[in-house]
Amino acid sequence: MKVEIPISWAEVVDSTNSWALRSIDSVDKMSVYAAKFQTAGRGQRGNKWHSATGENLTFSIGLRFGNEFAGHLKAIEQFVITEIAALAVADFLSAKGAGVCIKWPNDIYVRDRKICGMLIENSLRGDEVATSIIGIGINLRQRDFPPELINPTSLILATGKEIGPEAALGDFLPCFLSRMEMSLTADGRIKLRNDYLDILYRKDKVFTYRDNVADVEFQGIIKGISDIGELLVEMPDKSIKSFSFKEIGYII
């Protein structure tokens with residue numbers, strides 16, 4: 001896919017997702033907003049994203065749907081955006097020598113350690129996705145992390161390879177465009193889903209989880225994801241239960 005992607009870099013911003021949100025009305029098809037440091041970087045569940053200045057790649061992608069680049073995407077199909085973003089990061093890191101997996105829905109892990117987190121914020125127009133802001137933070141060359149982070153890692157810790165944020169973004173974008181192009185066809189959507197499942201963290205193995213709704217721990221087996229992106233888990237009684245975001249916790 002050949003397309004001109006506007007890229008904006010800042011030394012310091014509040015958060016790249018907030019920056020992208022402020023700029024989304026000017027996005028034609030896709031724009032990228034990257035920063036060397038975020039004063040209020042945001043993660044999932046309202047968490048703050050911690051990143052040392054200039055050591056990691058922190059950026060957001062602003063996407064506009066309903067055109068030849070991104071196509072039309074039904075609201076019920078919006079998990080495709082998660083698959084595109086997670087697989088693009090996995091492709092990028094795998095090419096650098098990191099053995100990665102996707103912890104549902106979109107954290108990227110090296111073994112049991114988190115190397116990348118995402119915050120995806122979609123807006124709807126009727127029954128279709130109008131825009132998406134995909135915030136991504138990839139730990140590149142950070143070696144020391146705040147003690148409150150339980151299981152972080154980085155590319156340099158995982159592989160010994162060092163790459164700076166600007167070069168990393170240049171290497172990442174072709175991976176993202178390739179996965180975007182895949183999403184435009186039915187066969188491509190099937191491949192996205194299969195590729196996502198192939199590297200789904202803990203799939204088909206028994207581990208301990210927390211049912212956050214029932215407030216109990218249980219032994220379960222991740223079997224896959226539903227058509228709308230819910231996590232499908234085999235429960236102790238062999239039934240299959242679907243979990244939405246925040247309804248299940250991983251015991252790591």
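Two strands count as paired here if DSSP finds at least two bridges between them. The model on screen is predicted, and residue numbers start from 1 along each chain.

**Stop 1: the S6-S7 hairpin**

Select strand S6 (113-125) and strand S7 (128-138). These two strands run antiparallel and are joined by ten bridges. Put labels on Ser123 and Thr131: Thr131 in S7 is the bridge partner of Ser123. Two residues lie between the strands of this hairpin, and Gly126 in the turn has a positive phi of about 65°.

Now add strand S3 (57-64). S3 pairs with S7 over eight bridges, again in the antiparallel sense. Thr131 turns up here too, as the bridge partner of Arg64. Colour S7 by accessibility and the strand shows as mostly covered, with ten of its eleven residues buried.

**Stop 2: the seven-stranded sheet**

Extend the selection to the whole sheet. Seven strands make up an open sheet, ordered S1-S2-S3-S7-S6-S5-S4, with mixed pairing. At its edges are S1 and strand S4 (100-103), each of which pairs on one side only. From one strand to the next, the twist averages 20°.

**Stop 3: the S4-S5-S6 end**

Go to strand S5 (residues 107-110), which pairs with S6 in the antiparallel sense over three bridges. Val110 has Arg113 in S6 as its bridge partner. The hairpin of S5 and S6 has two residues between the strands, and Arg111 takes a positive phi near 55° there.

On the other side, S4 and S5 run antiparallel and are joined by four bridges. Val100 stands opposite Val110 in S5. The hairpin that S4 and S5 form has three residues between the strands.

In a regular strand, side chains alternate between the two faces of the sheet. Which residues of S5 are on each side? Asp107 and Tyr109 are on one side, Ile108 and Val110 are on the other, and all are buried.

**Stop 4: helix H1**

Select residues 16-23, which are helix H1. Is this helix enclosed or open? Six of its eight residues are buried, so H1 is largely enclosed by the rest of the structure. The buried residues are Thr16, Asn17, Ser18, Trp19, Ala20 and Ser23.

Show the surroundings of H1 next. The elements that cover its buried residues include strand S1 (7-13), strand S2 (30-38), S3, S6 and S7. H1 lies across these five strands, S1, S2, S3, S6 and S7, and runs at about 145° to S2.

**Stop 5: the five-stranded sheet**

Move to the open sheet of five strands, in the order S11-S10-S9-S8-S12, where the pairing is antiparallel. Strand S11 (240-243) and strand S12 (248-250) are at the edges with a single partner strand each, so one side of each has no neighbour in the sheet. The twist here averages 50° from one strand to the next.

Within this sheet, select strand S9 (residues 216-225) and strand S10 (residues 231-234), which run antiparallel and are joined by four bridges. Ile222 stands opposite Val233 in S10.

**Stop 6: the second largest pocket**

Rolling a probe the size of a water molecule over the atoms shows where empty space is left. The second largest pocket has a volume of about 390 Å³. It is lined by 14 residues, and those closest to its centre are Phe79, Thr82, Pro105, Ile120 and Phe245. Helix H2 (79-95) and S6 are the elements that give two or more residues to the lining. S6 gives the most, with three residues. Coloured by class, the lining divides into seven nonpolar, six polar and one charged residues.

**Stop 7: the cavity**

How many cavities of 30 Å³ or more does a search of the whole structure find? The search finds one. The largest cavity has a volume of about 50 Å³. To display its lining, select Phe65, Ala70, His72, Leu73, Val80, Ile81, Ile84, Met180, Ser183 and Arg189. H2 contributes the largest share of this lining, three residues. By class, the lining has seven nonpolar, two polar and one charged residues.

How values were computed: This is a predicted model: local features need pLDDT of at least 70, side-chain atom pairs count only at pLDDT 80 or more; totals for chains, interfaces and linings use all residues. Side-chain values use heavy atoms; hydrogens and water are left out. On a 1 Å grid over the protein atoms alone, a cavity is a set of points where a 1.4 Å probe fits but cannot get out, and a pocket is an open set with protein on both sides within 12 Å along at least five of seven lines; lining residues have an atom within 4 Å of a point. Grid points are joined across faces, edges and corners, and a volume is the space filled by probe spheres set on the points. Ala, Val, Leu, Ile, Met, Phe, Trp, Tyr, Cys and Pro count as nonpolar, Asp, Glu, Lys and Arg as charged, and the others, Gly among them, as polar. Buried means under 20% relative accessible area, exposed over 50%, partly exposed in between (1.4 Å probe, protein chains only). Contact means heavy atoms within 4.5 Å. Axes are lines fitted to C-alpha atoms, for helices over the stretch in contact, and angles run from 0 to 180 degrees between N-to-C directions.
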